[in-house]
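Biologist: I would love a close look at one part of this model, a strand and whatever surrounds it. Could you walk me through it in one connected answer?

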Amino acid sequence: MSSSRFYVLIPCAGSGHRAGGVQPKQYRRLAGQSMVAHTLDAFRALAGRFAGVAVVVSPDDREVQTALPRFPATGEYLLRVGGLTRAASVRNGLAALRQKGAGPHDWVLVHDAARCLVTSSQIEALIAACEHDAVGGLLAQRLADTLKVSSTDSRATQTLPRADKWLAQTPQMFRIGMLLDALERVGDVVTDEASAIETIGLAPLLVPGSAQNFKVTFPEDFALAEAVLLGRKKAMA
Ligand SMILES: Nc1ccn([C@@H]2O[C@H](COP(=O)(O)OP(=O)(O)OP(=O)(O)O)[C@@H](O)[C@H]2O)c(=O)n1
Ligand SMILES: C[C@](O)(CO)[C@H](O)COP(=O)(O)O
């Protein structure tokens with residue numbers, strides 16, 4: 001198995017409903033370029049590592065070419081196979097990667113286009129932790145706050161123990177064949193790849209990520225993401 005290759009799949013076919021705005025959030029410009037361009041840069045910085053980097057967009061997408069002007073470069077794929085759910089976009093993207101020559105034992109790192117603050121060192125940490133694991137795993141974050149259960153009227157009714165709780169992030173890294181099988185079996189109900197793997201009785205490895213690797217989801221998240229990106233630019237200047 002040591003000759004397995006590594007692929008990257010970036011689901012980029014969402015509408016960004018919760019973020020509001022006139023365009024899908026992954027195409028909003030932050031700190032000089034689109035969110036998905038920042039996301040792609042983190043993987044391009046490790047280009048030698050990957051046999052292929054694919055971005056999954058909707059079949060009728062008209063914005064990706066502007067958002068990613070020099071894409072696809074060699075070893076990169078634009079896959080116009082996005083579906084109605086994230087799970088469908090990932091499933092279709094994996095099937096397309098298989099058609100482009102990716103093998104069932106090759107690894108895939110699935111990463112949200114909307115998680116534009118991921119760093120190359122976080123990606124490398126995930127690979128190092130998972131590449132010899134039988135299952136694979138994901139970046140995840142321990143909870144920093146007290147965890148409440150609410151009744152329907154938004155009143156706290158219970159406080160849960162949190163030592164065993166994690167927030168799932170991406171990238172999530174699994175064998176392409178295993179992940180595609182699991183996603184085909186489970187359908188569109190899962191919100192991440194690890195959930196699909198759990199449904200086939202396996203336990204993905206939780207690899208500590210960073211609070212900065214948050215998913216831009218709500219309108220207020222754009223300003224925070226841009227501040228972090230600008231701070232990093234300044235630190236490198
Ligand atoms: N049908 C979909 C839905 C989501 N995504 C992608 O999955 C990632 C994470 O999803 P999320 O934050 O839920 O994005 P949206 O579905 O766009 O957001 P919302 O639910 O607010 O509409 C994003 O990069 C998004 O583009 C996708 O490729 N295909
Ligand atoms: C995959 C994910 O980013 C893990 O946290 C997340 O589940 C996707 O977003 P959604 O809002 O659950 O669709």
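Modeller: Happy to! Strands here are DSSP runs of E with at least two residues, and helices are runs of H or I with at least four, both numbered from the N terminus. Please keep in mind that this is a predicted model. With that naming, let us look at β10, which spans residues 166-175.

A good place to begin is ligand 2, since β10 supplies the largest share of its shell, three residues. The residues surrounding ligand 2 are Arg86, Asp112, Ala168, Gln169, Thr170, Thr191, Asp192 and Lys215. Sorted by class, that shell holds four charged residues, three polar ones and one nonpolar one.

Now for the strand itself. β10 is mostly covered, with seven of its ten residues buried. It also has pairing partners. One of them is β7, residues 136-142, which runs antiparallel to β10 and is joined to it by six bridges. Within this pairing, Arg142 has Trp166 of β10 as its bridge partner. Another partner is β6, residues 107-110, again antiparallel, with four bridges to β10. Here Val108 is matched with Phe174 of β10.

From the strand we can move on to the helices. Helix α5 covers residues 176-186 and packs against helix α3, residues 86-99, with the two axes 10 Å apart and at an angle of about 140 degrees. That angle makes α3 oblique to α5, because only angles over 145 degrees count as roughly antiparallel. The crossing of α3 past α5 is left-handed.

Another helix worth a look is α1, residues 35-44: eight of its ten residues are buried, so the rest of the structure largely encloses it. Those buried residues are Met35, Val36, Ala37, His38, Thr39, Leu40, Ala42 and Phe43.

For contrast, consider Ser151, in the loop between β8 (147-150) and β9 (156-160). Ser151 has 9 other C-beta atoms within 10 Å, and because 12 or fewer counts as exposed, Ser151 is exposed. Its C-alpha atom is separated by 35 Å from that of Arg91, which lies 60 residues away along the chain.

Finally, there is ligand 1, which has 22 residues around it; Pro11, Gly14, His17, Arg18 and Ser89 come nearest. Its shell divides into ten polar, eight nonpolar and four charged residues.

To return to where we started: β10 is a mostly covered strand, paired with β7 and with β6, and it gives three residues to the shell around ligand 2.

Key. Residues are numbered from 1 along each chain as its sequence is written. Chains are lettered from A and ligands numbered from 1 in the order in which they are written. This is a predicted model: local features need pLDDT of at least 70, side-chain atom pairs count only at pLDDT 80 or more; totals for chains, interfaces and linings use all residues. A residue is near a molecule or strand if its C-beta atom, placed from the backbone, lies within 6 Å of it. Ala, Val, Leu, Ile, Met, Phe, Trp, Tyr, Cys and Pro count as nonpolar, Asp, Glu, Lys and Arg as charged, and the others, Gly among them, as polar. A residue is buried if 20 or more other C-beta atoms lie within 10 Å of its own, exposed if 12 or fewer, and partly exposed in between; C-beta atoms are placed from the backbone. Two strands pair if DSSP finds at least two bridges between them. Axes are lines fitted to C-alpha atoms, for helices over the stretch in contact, and angles run from 0 to 180 degrees between N-to-C directions. Angles under 35 degrees count as roughly parallel, over 145 as roughly antiparallel, 65 to 115 as roughly perpendicular and the rest as oblique. A crossing is left-handed if the near helix is turned anticlockwise from the far one by less than a right angle, and right-handed if clockwise.
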